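Visitor: I am new to reading protein models, and I would like a close look at one part of this one, namely the helices and how they are packed. Could you take me through it slowly, and then show me a few individual residues as well?

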Amino acid sequence: MQIKTEPQLLDLLTRPSEALVAFMATLQGPLVILGAGGKMGPTLCVRAKRAAEQASNPIPIIAVSRFSDKGQKAWLESKGVQTHSCDLMDRDSLRNFPDAEHVIYLVGMKFGTQSNPALTWAVNALIPDYMCERYPNARIVALSTGNVYTMTEVEGGGSVESDPLEPLGEYANACVARERVFEYKSQQLGTAIVSIRLNYAIDLRYGVLVDLAQKIIAGKPVDLTMGYFNCIWQGDANDMILRALPLATSPARALNVTGKETLSVRKTALALGRLMNKPVSFSGTESTIALLNNSAVAHDELGPPSVGIEEMLEWTARWIQDGNQLLNKPTHFETRDGKY
Ligand SMILES: NC(=O)c1ccc[n+]([C@@H]2O[C@H](COP(=O)([O-])OP(=O)(O)OC[C@H]3O[C@@H](n4cnc5c(N)ncnc54)[C@H](OP(=O)(O)O)[C@@H]3O)[C@@H](O)[C@H]2O)c1
């Protein structure tokens, strides 16, 4: 299969798994998705909507965000997702929120941390408190990131959920704060929460593979110092995030979500170069440590991802070669000093 157009990509990214349709058949009341206007939220909301429709359980799917990108709001509404424009830093606005027993929390701030660290800490650490106060009785799947871990030996297979959270840099530490505030509120209010430590969603319009393919097409060297990474097809990540709702507990728990393999940047770049018929040049050399995430527990509890790295490589190479739509939001996965 090749993915040649954005509608084709969006159809694939929002196609629910059978397991998700079966789960959505059991869900009662509205599903609220907070921070829905970013890179993952729109396709997550429409996936949930399609799953609810296929399960003949037409519960409201409600997307909440500022919707800085108005096009996302219009697209969600065209797909039958209800939207609610709101700045979640404004506590008063929360009173108007629809009640819900199930909440997906995608709010986050990463880029711009260097220029405004206070805002990053406020967004990542204050809004979880407001949301738990608004939804104390809900089940919450709260997005975190694999950046909460420190870098580990490549041979070790990646950080596991019980590892210490001692990362480098203000962004990653603000993400630790996001998790810890959720954990505290779960202790205090009994809210059932699971924090998803995600490493690199792959959507053909952004992601680590797009970053690499763009370098290769432009004839620029690929930096090897962050020599290894994990990634997962965004459709699989979103499917797992939705199906993680029953895994939420009080006290809160954490779950790593990524693909099966530790991937080498060098080998991945060479594979993309072959697929795009372009030479690949490199700078730097691989360190023995990298930011890596082991998601064996999630694969055990939610099942493995459906899309493999070979498909993601083929789809990305073709997408970039054809000059298709990009979000122009680099991941900066090669960052090793924690500064974003
Ligand atoms: N994508 C990945 O590969 C990846 C990897 C690891 C972790 N994650 C985590 O997963 C979550 C979702 O990822 P993403 O890539 O979709 O992130 P994203 O593109 O940054 O989206 C998060 C969205 O939250 C919304 N938001 C921020 N502040 C808000 C506020 N004050 N009020 C209302 N909405 C606000 C923003 O949308 P509006 O402008 O519409 O408000 C923003 O676009 C993030 O928390 C991120 O940390 C993602």
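Guide: What follows is a walk through one helix, then two helix contacts, and then some single residues. Please keep in mind from the start that this is a predicted model, and that the values below are computed from it.

Let us begin with helix 6, which runs over residues 170-189. At 1.5 Å a residue, its 20 residues should span 28 Å, and because its end C-alpha atoms are 28 Å apart, the expected span and the model agree. Many names appear in the list of its buried residues, among them Tyr171, Ala172, Ala174, Cys175, Val176 and Ala177. That list also includes charged residues, namely Arg178, Glu179 and Lys185, and it is completed by Val181, Phe182 and Ser186. It helps to recall a general point here: an α-helix has 3.6 residues a turn, so residues three or four places apart point the same way. What covers the buried residues of helix 6 includes one helix, helix 5 (117-134), together with strand 4 (102-105), strand 5 (139-145), strand 7 (192-198) and strand 12 (253-257). After helix 6 comes Gly190, and its phi is positive, near 80°.

From there we can turn to helix 9, residues 265-276, which takes part in both of the helix contacts described here. With helix 11, residues 309-321, its axis comes within 9 Å, and the two axes cross at roughly 55°. An angle of that size makes helix 9 oblique to helix 11, and the crossing of these two helices is right-handed. On the side of helix 9, the contact is made by Thr268, Ala271, Leu272, Leu275 and Met276, while helix 11 contributes Leu313, Glu314, Thr316, Ala317, Ile320 and Gln321. Sorted by class, the residues of this contact are seven nonpolar, three polar and one charged.

The other contact joins helix 9 to helix 7, which covers residues 208-217. Here the axes are 10 Å apart and the helices pack at an angle of about 60°, which means that helix 7 is oblique to helix 9. Helix 7 passes helix 9 in a right-handed crossing. Leu209, Leu212, Ala213, Ile216 and Ile217 in helix 7 are the residues that meet Val265, Thr268, Ala269, Leu272, Gly273 and Met276 in helix 9. By class, this contact has nine nonpolar and two polar residues, and no charged ones. If you compare the two lists, you will find Thr268, Leu272 and Met276 of helix 9 in each of them.

Following helix 9, in the loop that leads to strand 14 (282-283), lies Asn277. Its phi is near 60°, a positive value in a residue other than glycine, and at 69% relative accessibility Asn277 counts as exposed, because the cut-off for that word is over 50%. As a general background, most residues other than glycine have a negative phi, and most peptide bonds are trans. Phe67, in the loop between strand 2 and helix 4 (70-78), likewise has a positive phi, near 55°, but at 1% relative accessibility Phe67 counts as buried. A cis peptide bond is found from Ser250 to Pro251, with omega near 0°, and Pro251 is placed in the loop between helix 8 (234-243) and strand 12.

Finally, consider three residues and their neighbours. Ile62 sits in strand 2, residues 61-65, and is buried, with a relative accessible area of 6%. Leaving aside residues up to four places away in sequence, Ile62 touches Pro30, Leu31, Val32, Ile33, Gln82, His84 and Pro98. Thr152 belongs to strand 6, residues 152-153, and its 19% relative accessibility counts as buried, because the cut-off is under 20%. With the same exclusion of residues up to four places away, Thr152 touches Gly158, Ser159, Thr288, Ile289, Ala290 and Leu292. Leu168, by contrast, is found in the loop between strand 6 and helix 6, and at 55% relative accessibility Leu168 counts as exposed. Its contacts, again not counting residues up to four places away in sequence, are Asn173, Arg336, Asp337 and Gly338. Leu168 and Ile217 are 49 residues apart in sequence, and their C-alpha atoms are 31 Å apart in space.

Definitions and conventions: Residues numbered from 1 in each chain as written. Predicted model: local features only at pLDDT ≥ 70, side-chain atom pairs only at ≥ 80, totals over all residues. Heavy atoms only, no water. Helix = DSSP H or I, 4+ residues; strand = E, 2+ residues; numbered from the N terminus. Expected span 1.5 Å × (residues − 1). Buried < 20%, exposed > 50% of the residue type's maximum accessible area, 1.4 Å probe, protein only. Contact = heavy atoms within 4.5 Å. Axes fitted to C-alpha atoms, helices over the stretch in contact; angles between N-to-C directions. Parallel < 35°, antiparallel > 145°, perpendicular 65-115°, else oblique. Left-handed = near helix turned anticlockwise from the far one by under 90°.
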